[in-house]
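Me: I am new to this structure and would like to go through it step by step. Could each reply reason its way to the value or name I ask for?

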Amino acid sequence: MGKITGFLEIDRHDRKYAPVSERLKGYGEFVIPLSEKDTKDQAARCMNCGIPYCHGTGSVEPGTPGCPVNNQIPDWNDLVYNGNWEEASRNLHSTNNFPEITGRICPAPCEASCTLNIDDNPVTIKTIECAIVDRAWDNGWLKPEIAPVKTGRKIAVVGSGPAGLACAQQLARAGHDVHVYEKFAKAGGLMRYGIPDFKMEKHVIDRRVAQMEAEGVTFHYNSPVGGSAPGAVDPAELLKSYEAVALTGGAEAGRDLPIPGRDLKGIHFAMDFLPQQNRRVSDEPLGDVSDILAGGKHVVVIGGGDTGSDCIGTSFRQGALSVTQLEIMPAPPEHENKGLSWPNWPLKMRTSSSQAEGARREFAVLTQSFTGIDGRVSKLNCVQVDDKFKPIPGSEFELPADLVLLAMGFVHPVHDGMLKTLGVDLDQRGNVRAPLTDFATSLPKVFSAGDMRRGQSLVVWAIREGRLCARAIDQFLMGSTTLPK
């Protein structure tokens with residue numbers, strides 16, 4: 001639990017960022033880690049609270065407080081405080097397959113649930129987590145965990161995002177022969193192609209994939225399941241060749257904005273824009289698509305979430321003249337009401353590192369139409385809305401734009417191709433129907449987890465579901481399971 005009086009003696013001190021002028025020069029990570037002493041001091045702040053809500057509740061339902069993967073946070077804080085980093089790494093990895101990823105890109109609901117957050121001073125849990133796993137990699141502690149006994153059972157995992165990778169790694173460690181099918185050239189899903197390198201450099205994924213390959217996982221790249229694209233795999237063949245199939249793709253159907261002028265050139269989905277830059281950074285060919293670039297342009301990002309924020313940071317690094325972010329929701333309060341919100345995730349004003357790089361943010365704005373010149377977008381016609389999202393008369397305004405990026409979230413997984421071919425049941429939101437009890441779909445021996453099952457969500461929730469899905473598959477195949485949750 002750290003130092004008993006640490007929270008009284010030591011102030012919260014978190015990682016800093018490189019100056020904006022420096023970090024905009026490239027696409028590398030710009031977070032400056034704490035020193036070993038500072039990290040141990042921050043771990044010392046973990047107090048002996050009666051109920052450590054940071055752990056999470058063990059539920060996979062949305063809206064529950066704390067860590068979705070149930071990290072044993074007070075335990076590894078104490079281990080760090082006492083200098084036992086290797087044991088801290090073992091503890092951390094007992095619940096989380098990829099803490100180097102959550103330590104970089106998770107919004108840290110654990111910190112919102114920290115007892116010290118009642119006073120706006122939570123333990124720097126995310127920073128400590130990242131320090132533990134980075135030290136583990138640096139010291140060579142993370143060896144492949146090869147199953148001592150092979151079961152001979154073959155399992156296909158479709159999709160190599162966080163849910164698919166977690167599911168595949170757990171099943172391989174149980175001794176199964178696991179094959180991961182990925183439609184793109186490299187593993188990682190939106191972690192690789194959606195999250196910019198300045199938030200997470202992709203060697204972080206590569207070394208984990210190498211570990212999984214050493215553990216016996218086979219990756220099949222450029223192998224979309226369903227559809228007619230080159231290299232496509234017939235879903236029916238998967239059902240014939242494997243004893244279980246896990247559907248762990250993403251919720252990739254983006255929310256569109258079907259208003260007048262939508263067909264003008266220069267209006268793109270965020271997930272057409274972001275993957276291009278990630279491929280440029282990694283020297284991966286773009287294929288036959290046209291470049292979408294923000295350099296020398298006035299950019300408008302529609303959508304106030306993390307994807308919109310990623311568009312902002314990428315646009316500035318490409319040399320955008322200006323970036324404006326529009327959000328239809330009203331501006332949240334600067335501070336939450338702790339008596340009403342804690343230990344749950346609060347609604348309050350947050351400014352991302354990308355937004356702090358110079359973006360203009362507008363709240364309670366509805367875009368009513370696009371206007372263009374010679375077939376290309378030149379401005380947005382907008383209006384302020386009230387708390388019921390109704391336009392306020394007389395509040396109309398225009399916003400110049402050379403590039404518009406739609407970052408309004410995702411509605412459900414893509415149905416064409418694999419899901420339609422399989423005929424798997426969908427829920428009312430268009431996600432694959434599979435209960436939390438066993439993650440089984442309507443088809444025999446077919447399971448589903450992650451965003452394909454729950455809808456657009458956090459990486460940490462996908463890891464949690466991937467682990468639980470692996471347990472369900474192991475139970476299905478073997479009659480029992482010893483895989484941890």
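Me: In what order do the three strands of the open sheet stand, and is the pairing parallel or antiparallel?
Reply: This is a predicted model, and what follows describes that model. The strands β12, β13 and β14 form an open sheet with antiparallel pairing. Since β12 (365-373) and β14 (397-400) each have a single partner strand, they stand at the edges, and so one side of each is left without a neighbour in the sheet. From one strand to the next the twist averages 30°, and the order, with antiparallel pairing, is β12-β13-β14.

Me: Over how many bridges do β13 and β14 pair, and which residue in β14 stands opposite Lys379?
Reply: Strand β13 covers residues 376-384 and pairs with β14 in the antiparallel sense. The pairing of these two strands runs over four bridges, and the residue of β14 that stands opposite Lys379 is Pro400.

Me: Is Lys390 buried or exposed, and how far is it from Leu366 in space?
Reply: Lys390 sits in the loop between β13 and β14, where, leaving aside residues up to four places away in sequence, it touches Gln384 and Val385. Its relative accessible area is 53%, and because exposed means over 50%, Lys390 counts as exposed. Although Lys390 and Leu366 are 24 residues apart in sequence, their C-alpha atoms are separated in space by 8.9 Å.

Me: Which residues of helix α5 are buried, and against which helices do they pack?
Reply: Helix α5 spans residues 85-93, and its buried residues are Trp85, Ala88, Ser89, Asn91, Leu92 and His93. The helices against which these buried residues pack are α3 (36-44), α4 (73-81), α6 (99-105), α8 (125-138), α11 (203-214) and α18 (459-478).

Me: How many disulfides are found, and why is the sulfur of Cys167 not bonded to that of Cys469?
Reply: A search of the whole structure finds zero disulfides. Cys114, for example, is in none, its nearest cysteine sulfur being that of Cys54 at 6.5 Å, and Cys114 is buried with a relative accessible area of 9%. Cys167 is also buried, at 0% relative accessibility. Its closest cysteine sulfur is in Cys469, and the separation is too far for a bond because a disulfide needs the sulfur atoms within 2.5 Å, whereas here the distance is 4.3 Å.

Me: Which side chain of opposite charge is nearest to Arg467, and how far away is it?
Reply: Arg467 lies in helix α18, and its contacts, not counting residues up to four places away in sequence, include His93, Asn97, Gln170 and Lys485. Arg467 is buried yet has no salt bridge. The nearest side chain of opposite charge belongs to Glu145, at a distance of 8.7 Å.

Me: How many salt bridges are found in the whole structure, and how many residues apart in sequence are the parts that Arg208 and Glu100 tie together?
Reply: The search of the whole structure finds 33 salt bridges. In one of them the side chains of Arg208 and Glu100 meet at 2.7 Å, N to O, and both of these residues are buried. Arg208 lies in helix α11 and Glu100 in helix α6, so the parts that the pair ties together are separated in sequence by 108 residues.

Me: Which residues are joined into one network by salt bridges that share partners?
Reply: Arg207 forms a salt bridge with Asp134, with the closest N and O atoms 3.8 Å apart. This pair links distant parts of the chain, since Arg207 is in helix α11 and Asp134 in helix α8, 73 residues apart. Arg207 counts as partly exposed at 22% relative accessibility. The residues that such bridges with shared partners join into one network are Glu29, Arg104, Asp134 and Arg207.

Me: Which residues does the cis peptide bond join, and what is its omega?
Reply: Pro343 is found in the loop between α15 (338-341) and β11 (360-363). The cis peptide bond joins Trp342 and Pro343, and its omega is about 5°.

Me: What is the phi of Ala108?
Reply: Ala108 is placed in the loop between α6 and α7 (109-113), and at 8% relative accessibility it counts as buried. Although Ala108 is not a glycine, its phi is positive, at about 65°.

Notes: Residues are numbered from 1 along each chain as its sequence is written. This is a predicted model: local features need pLDDT of at least 70, side-chain atom pairs count only at pLDDT 80 or more; totals for chains, interfaces and linings use all residues. Side-chain values use heavy atoms; hydrogens and water are left out. Two strands pair if DSSP finds at least two bridges between them. Axes are lines fitted to C-alpha atoms, for helices over the stretch in contact, and angles run from 0 to 180 degrees between N-to-C directions. Buried means under 20% relative accessible area, exposed over 50%, partly exposed in between (1.4 Å probe, protein chains only). Contact means heavy atoms within 4.5 Å. Lys and Arg count as positive and Asp and Glu as negative; His and the chain ends are not counted. A salt bridge is a side-chain nitrogen of Lys or Arg within 4 Å of a carboxyl oxygen of Asp or Glu.
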